[in-house]
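I opened this notebook to record what I looked up in one structure. The entries follow the order of the look-ups.

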Amino acid sequence: MRNAPQIIHVNTSQAFGGLELYTVLLIQKLIENGIKTCLYCLPGSKIEIEAHKLGIKTISGYKQARISLKDIRKLRKITIAENYQIIHTHTRQDVWLASLALFGLPDKKHIFSLYMSAPSKKDFIHKFIYSKIHAITSSSVILNERIKLNYPIPKEQVFLLRYGRDLSIYQKNQREREEYRKKFNITSDEKAIITMCRIDPGKGIKEFAEAFLLLPTEIRKKVHFIIMGEPTLDHIDAAGNKIFEPQAKQLYEWLQDYIANPEVMGRIHLVPFQANFVPFLNASDLFVLATYKETYSLSVLDAMAMGLPVIGTNSGGTPEQVLNNERGLLVEPKNSHAIANAIAEYVISPEKILEHGEKAKNWVYTEHNWKKKISELLNLYYSCLEKQNAHTSI
């Protein structure tokens with residue numbers, strides 16, 4: 001019988017969105033499966049707060065920097081002292097930290113989960129840093145191909161591990177649906193169209209909002225838009241105040257002005273980030289992901305798990321998730337007219353909402369359940385450690 005590996009996860013992000021939330025949920029699932037693990041993060045960060053809520057042990061770092069000698073020394077010391085066999089990183093910044101902390105420790109392994117894009121990393125410095133990684137995982141076939149092309153790592157060290165989702169939480173509830181729709185004055189014969197993402201120009205929020213006024217007048221009377229999210233966080237100041245990135249803050253202010261337009265008022269609703277977002281999906285009929293180039297969206301999986309078809313952009317990893325005219329509709333990025341046309345198509349053909357929504361749900365339940373994800377991840381952990389043991393015994 002194999003001994004359970006001991007893992008230290010590293011995520012020093014100050015922001016909090018899908019990536020950070022997924023990190024703590026992954027750790028929670030590993031703990032439930034008997035794995036000794038913890039999270040190395042920044043003190044006072046939102047990810048630390050959420051980890052504590054779930055009873056996850058955290059270790060405080062110092063600052064988010066590509067090269068922080070204090071962090072390198074501390075991570076190295078803890079890894080040795082507490083016999084963590086694997087460091088699992090979740091951001092590109094943390095790859096540098098872990099690779100340098102593990103320098104000269106051949107019995108320790110470094111696994112990196114990539115959630116974003118994969119630009120070229122083949123310069124001399126990156127070749128050195130990425131030579132200390134034993135495996136890279138992503139949830140996307142498309143992203144994995146880019147990793148193999150652009151990253152200085154053998155192709156056989158790139159693995160497809162789909163995101164895990166707790167599918168038991170995505171339950172339809174008619175009473176709750178009516179209750180939430182009533183908050184927004186959405187009647188039973190109207191369609192609620194929701195997006196969930198950071199309020200950031202690259203997320204296509206402006207194009208989504210603009211699509212409302214591009215709908216035919218008779219369609220406008222039948223829909224409500226719900227925009228859930230907050231501006232992209234730049235940092236938290238010494239007083240604990242959130243300081244948002246200027247372009248994100250500017251977009252949020254534009255949104256506030258836009259929804260006050262008499263032609264829009266009462267039809268587009270701004271909602272801050274919600275840890276419990278399921279009731280909002282339950283209250284909705286369609287999901288829109290208007291991002292310019294999304295790698296592989298967790299919010300799309302959440303929407304599909306609730307049986308919602310997705311209108312997504314034909315870029316990045318979104319086509320892999322949506323599969324045009326199968327689990328949703330694909331539109332060109334940065335195109336408000338295309339979003340409006342797709343919404344109108346669904347409103348005019350409500351049977352298509354049911355058909356695409358059912359196919360979307362079936363796909364997520366097959367590909368993205370936690371049992372499958374944890375099993376595959378543990379096999380990867382064991383495989384990395386067993387290769388080391390085999391090498392050592394020769």
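The entries below concern a predicted model.

**Entry 1: Lys203.** I located Lys203 in the loop that links β8 (191-196) to α8 (205-214). I then asked whether Lys203 is buried or exposed. Its relative accessible area is 14%, and the cut-off for burial is under 20%, so I recorded Lys203 as buried. For its side chain I found a polar contact of 3.1 Å with the side chain of Glu294. Leaving aside residues up to four places away in sequence, Lys203 touches Cys197, Arg198, Ala290, Thr291 and Glu294.

**Entry 2: β8.** I next turned to the strand that precedes this loop. Five of the six residues of β8 are buried, so the rest of the structure largely encloses it. I noted two parallel pairings. With β9 (residues 223-228), β8 shares six bridges, and Ile193 has Phe225 as its bridge partner there. With β13 (residues 286-289), β8 shares two bridges, and Ile194 is partnered by Phe287.

**Entry 3: nonpolar cores.** Which residues of the largest nonpolar core touch the most other members? I listed Leu30, Leu281, Phe287, Met304 and Tyr381, out of 54 residues in that core. Among the elements supplying at least two residues each are β8, β9, β13 and α16 (370-393). The greatest contribution, nine residues, comes from α16. For Leu281 I recorded contacts that include Ile194, Met196 and Phe287. A second, separate core has 34 residues, including Cys197, Val264, Val288 and Ala344. I also noted that Cys197 is one of the residues touched by Lys203.

Methods:
Residues are numbered from 1 along each chain as its sequence is written. This is a predicted model: local features need pLDDT of at least 70, side-chain atom pairs count only at pLDDT 80 or more; totals for chains, interfaces and linings use all residues. Side-chain values use heavy atoms; hydrogens and water are left out. Helices (H or I, at least four residues) and strands (E, at least two) are DSSP runs, numbered from the N terminus. Buried means under 20% relative accessible area, exposed over 50%, partly exposed in between (1.4 Å probe, protein chains only). A polar contact is a pair of N or O atoms within 3.5 Å; within protein, one must be able to donate a hydrogen and the other to accept it, and residues adjacent in sequence count only if both atoms are side-chain atoms. Contact means heavy atoms within 4.5 Å. Two strands pair if DSSP finds at least two bridges between them. A nonpolar core is a set of buried Ala, Val, Leu, Ile, Met, Phe, Trp, Tyr and Cys residues joined through side-chain atoms within 4.5 Å.
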